[in-house]
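Look through the sequence and the model below before reading on. The paragraphs after it go from one chain to the pair, and then to the interior.

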Number of protein chains: 2
Amino acid sequence: MLLCDIGNTSYHFLDGETDYKKDRLSFDPSTIKEDIHYICVNPKIKTILKNLPNWIDLSTKLDMSKYYETMGVDRMVASEAIENGIIIDAGSAVTVDVVKDGLFQGGFIYPGLNAMSKTYKDISSALDYPFNFDLDLNTLPKNSTDAISYGYLKTLYCEVISHDMNIVLTGGDAKEFAKIFPDAKVNESLIFKGMKKLLQNR
Amino acid sequence: MLLCDIGNTSYHFLDGETDYKKDRLSFDPSTIKEDIHYICVNPKIKTILKNLPNWIDLSTKLDMSKYYETMGVDRMVASEAIENGIIIDAGSAVTVDVVKDGLFQGGFIYPGLNAMSKTYKDISSALDYPFNFDLDLNTLPKNSTDAISYGYLKTLYCEVISHDMNIVLTGGDAKEFAKIFPDAKVNESLIFKGMKKLLQNR
């Protein structure tokens, strides 16, 4: 069984137990000939895939009444994967979604690592530092690297822990964010777990 | 007495009781002939002003040992203006600084309104919404506008209120942020208060 989660930067495949990524801009989906179940947040790619009969859109299996109209399908599918908890999907954007008793409670969107790094740099060259994921979240910063790292990470941390729920970390930057959320469970294949659940529900 | 706070986007003047702004790119500082005390975070403008003898750099009056080397001089001067509290300076960047018994305790830097709006838009056209400063911070969002607004504002809110201190709001977007921090005191001339204090300390 071939699964694919298409985000804003890449195609993420799961082939049996093996996962791999292909760049969104250079990968040609028509090179895949076998049946493949996918979800896709990119409108342009979605249009292309509609003309490829072996690419099967799994979002049609979702009960959309549980979510909201403009919500990213990747967030919906990740929410299907857990019964209770707060999901942090750290990719181009960091999406944070709360699920209670299998029901989506709402969520929010925070900039991803690369996007936020560029934001600080664009405000001023004086803020062009890499983020320090090892910073002490309990101490107010007195240097520039930590001042932006704390601005990016401690604010997110404060909001997330205020929910007092189990945290599941997924997405390309999950391991970086695990330094900030040491009690979180990292599950890089959460979205595939949600996709498999939707396939079983047919 | 003429004062000027030069930021990343504009010259902000105080002439007696009247304040006004001039665009950083189009204003020519040599057109001012009287003595003017200034602070400046822009390295290029600082170099220009060094050659204008009537432009007097107030940052030389600061006790730099209270702060850190790469800290923006505007943050230092704002910190001089209060004895106790947390200062939110909402400009190109949102700087958050804690002062206890007249001593700077540390602080952090968060993206300003325009910068963060661009960040979301650049991640995906699906996130190109204006921020809703009237959103309910106690409810997890179930629509796109609130999902990014909550991501930007609730995270900041959670961190700031965790300090349990009086909040002083300043900077060009102070009034917008006052909707999120209803108990904060808005003081748009906080930096000029700090500058006047430095002048008195001579």
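Which domains does the domain assignment give for chain A? Domain 1 of chain A covers residues 1-61, and domain 2 of chain A covers residues 83-202. Keep in mind that this is a predicted model. Taken over C-alpha atoms, the centres of domain 1 and domain 2 of chain A are 25 Å apart.

The two domains of chain A also touch. In this contact, 11 residues of domain 1 of chain A meet 10 residues of domain 2 of chain A. On the domain 1 side, strand 1 (2-6) and strand 4 (36-40) of chain A each supply at least two residues. By residue type, that side of domain 1 of chain A has 4 nonpolar, 4 polar and 3 charged residues.

Next comes the relation between the chains. In general, two copies of a chain are related by a rotation about an axis and a shift along it. Here, a turn of 180° with a shift of 0.0 Å along the axis lays chain B on chain A, with an RMSD of 0.0 Å. The two copies are therefore related as by a two-fold rotation axis. Which residue of chain B comes closest to the rotation axis? It is B:Thr155, whose C-alpha lies at 2.3 Å from the axis.

The chains are in contact with each other as well. Chain B contributes 39 residues to this contact, and chain A contributes 39 residues. On the chain B side, the elements giving two or more residues are strand 7 (93-100), strand 8 (103-111), helix 3 (113-123) and helix 4 (144-161). Helix 4 of chain B provides the largest share of that side, 10 residues. The side of chain B that touches chain A is made up of 20 nonpolar, 15 polar and 4 charged residues. Why can the copies be said to meet through the same surface? The reason is that 100% of the interface residues of chain B are also interface residues in chain A.

The last topic is the interior. The largest nonpolar core contains 122 residues, and A:Ile88, A:Leu169, B:Ile88 and B:Leu169 have the most contacts inside it. From chain A, domain 1 (1-61) and domain 2 (83-202) each give at least three residues to this core. B:Ile88 can serve as an example of the contacts made. Leaving aside neighbours within four places in sequence, B:Ile88 is in contact with B:Val94, B:Val96, B:Val160, B:Ile167, B:Leu169 and B:Phe177.

How values were computed:
Residues numbered from 1 in each chain as written. Chains lettered and ligands numbered in written order. Predicted model: local features only at pLDDT ≥ 70, side-chain atom pairs only at ≥ 80, totals over all residues. Domains from an automatic or database assignment. Contact = placed C-beta atoms within 7 Å. Helix = DSSP H or I, 4+ residues; strand = E, 2+ residues; numbered from the N terminus. Nonpolar A, V, L, I, M, F, W, Y, C, P; charged D, E, K, R; others polar. Least-squares fit on C-alpha atoms with pLDDT ≥ 70 in both. Core = buried A, V, L, I, M, F, W, Y, C linked by C-beta atoms within 7 Å. Buried ≥ 20, exposed ≤ 12 C-beta atoms within 10 Å, placed from the backbone.
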